[in-house]
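This briefing covers surface charge, cysteines and one buried position. Please keep the sequence and the structure open while reading.

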Amino acid sequence: MKYKCQKCGFIHIGDLKDGYYCPLCGTGIFDFKEIESDKKEINYKRVYVSPDNPAISRIDEKCIDCGACANTCINTVNIRYKNPNKPICINCGQCVLTCPTGALVPKYDYNKVLDLIDDQEKTVIVMTSPAVRVALGDAFDFKPGEFVEGKMVAALKKLGFKYVVDTTFGADLTSMEEAAELKQRIDNDDVLPMFTSCCPSWVKYAAIYHPNILPNLSTCKTPIGMGAIYLKKFFAKEKKIKADNIVVVALTPCTAKKYEIENSDCDYVITTSELALALRENNIDFKNLENKTFDELTGSSSGTIYGTSGGVLLSALRTYYYLETGNDLTPEMILINNKDFYKEYVIKINTKIIKAATVYQMGNLEKLLSIKNEFVFIEVMNCNYGCIGGGGQIPMPIINMQEILKKRSASLLKQDKTAKIRYPYKNPIIKKVYDNYLTAPLSKKSMELLHTKHKSLSKEFS
Ligand code: SF4
Ligand code: SF4
């Protein structure tokens, strides 16, 4: 039997006994309604967390065996349906956000990073992902969605990072490369639609369950992948630091990035919730810090909106439009249609109609795959509303989750409306990078440093 809590949406599997309360919102059994059951679903009450999972861990003493994590995995990530006898983790950490006792946590790496900061030989650089700055405030009594970029930078400086740079720079590089790749695929009638590749959970999901569509995935590395190689190869030279002594840390909303960097130039990933812990443990009074600005390497607001669903697609489309016409793509030139489980974006370039789509959560992606050929470009993100809903964010009360995510999204989109530099190709730092080092998007050097190959994982996980 399967019952849904009418207050918060939690799904209980199994019989409902007297005295049972919803583990998420505390309501009693009278607020549960029976819903259609799917026998395939439940072979495990809670998600299996392997000891070598690079992204998440479970503190067993805190676990009350409530099953919320398994329900999250089944209902939003959709993984365990595929092979209930061998659950596979795509490292997204969505279960962390719905665990009522805090038993599930990101795999903590922040103490290792703090130790490296103390090592005089090392230059520790942190790159900060956009979604962090609209969630970190939640841990320090700011209003949901409040944009705390200045305090976040100040806090990182207080912790002792030598350079605090912005992952929006890596996002701008990604948009430059991805837009050029999209143009090349469209012009050459090559494999389409092209899917985005910056969500490691999605890339892993595709590699396990849909290896046939790997040629459709953009070959672009992620913003942290591009940012990290830039720091080690070029920034190190500019600053006259031995590349071996540079430690690159990505501050992300994402637990899956800890899996991604197993094959990357980025050395560590710490999440928003880890940073909040580090600040508390080091008695840093976040609320009263004076705002600071990034040291170097900032991006356009197209990079900032990478943190919310639709941002990656919009940023790449803007750049693609510029490559085709030499003009800026403005909001009134884009027709956006909200569909049941995805969003459709339509732009016109002379007589050509470009149709694209954004989708989040793998269950929705599965549905979109049946109509994928209607589009030339598809953004896929694993988490609710994109990275703002990442498993490494500050956990939110489940009952208010949708509202909080909307506020985080609005906060990032507001930055885009008021930014001085809105387009990746207008970012002077990006221009300098191509002039000095890479020549052009998709050049030999760019392909060597900023692109990757996606490998099937279907045999490893079968
Ligand atoms: S949600 Fe948390 S407390 Fe509940 S079974 Fe999973 S790990 Fe245990
Ligand atoms: S949507 Fe963002 S936060 Fe979630 S798994 Fe993908 S990259 Fe990580």
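The points below are grouped by topic.

The model is predicted. It has a patch of positive charge on its surface and zero disulfides.

**Positive patch**
- Four lysines, K233, K237, K444 and K445, gather on the surface as a patch of positive charge.
- Two elements, helix 7 (223-238) and helix 15 (444-450), each give two or more residues to this positive patch.
- K445 lies in helix 15.
- The relative accessible area of K445 is 31%, so K445 is partly exposed; patch residues need over 30%, and K445 therefore passes that cut-off.

**Cysteines**
- The disulfide count comes to zero.
- For C89, the nearest cysteine sulfur belongs to C95 and is 6.5 Å away, and C89 is in no disulfide.
- A disulfide needs two cysteine sulfur atoms within 2.5 Å, which is why C89 is not paired at 6.5 Å.
- C89 is partly exposed, with a relative accessible area of 25%.
- C92 is likewise in no disulfide; the nearest cysteine sulfur to C92 is that of C383, at 5.3 Å.
- C92 counts as buried because its relative accessibility is 7%, and the cut-off for buried is under 20%.

**A356**
- A356 is placed in strand 13, which covers residues 352-360.
- With 0% relative accessibility, A356 counts as buried.
- A356 and D118 are 238 residues apart along the chain, and their C-alpha atoms are separated by 47 Å.

Conventions
Residues are numbered from 1 along each chain as its sequence is written. Chains are lettered from A and ligands numbered from 1 in the order in which they are written. This is a predicted model: local features need pLDDT of at least 70, side-chain atom pairs count only at pLDDT 80 or more; totals for chains, interfaces and linings use all residues. Side-chain values use heavy atoms; hydrogens and water are left out. Patches are made of residues with over 30% relative accessible area and no salt bridge: like charges are joined within 9 Å, nonpolar side chains (Val, Leu, Ile, Met, Phe, Trp, Tyr) within 5 Å. Accessible areas come from the Shrake-Rupley method with a 1.4 Å probe; for residues, only the protein chains shown count as cover. A salt bridge is a side-chain nitrogen of Lys or Arg within 4 Å of a carboxyl oxygen of Asp or Glu. Lys and Arg count as positive and Asp and Glu as negative; His and the chain ends are not counted. The place of a charge is taken as NZ of Lys, CZ of Arg, CG of Asp or CD of Glu. Helices (H or I, at least four residues) and strands (E, at least two) are DSSP runs, numbered from the N terminus. Buried means under 20% relative accessible area, exposed over 50%, partly exposed in between (1.4 Å probe, protein chains only).
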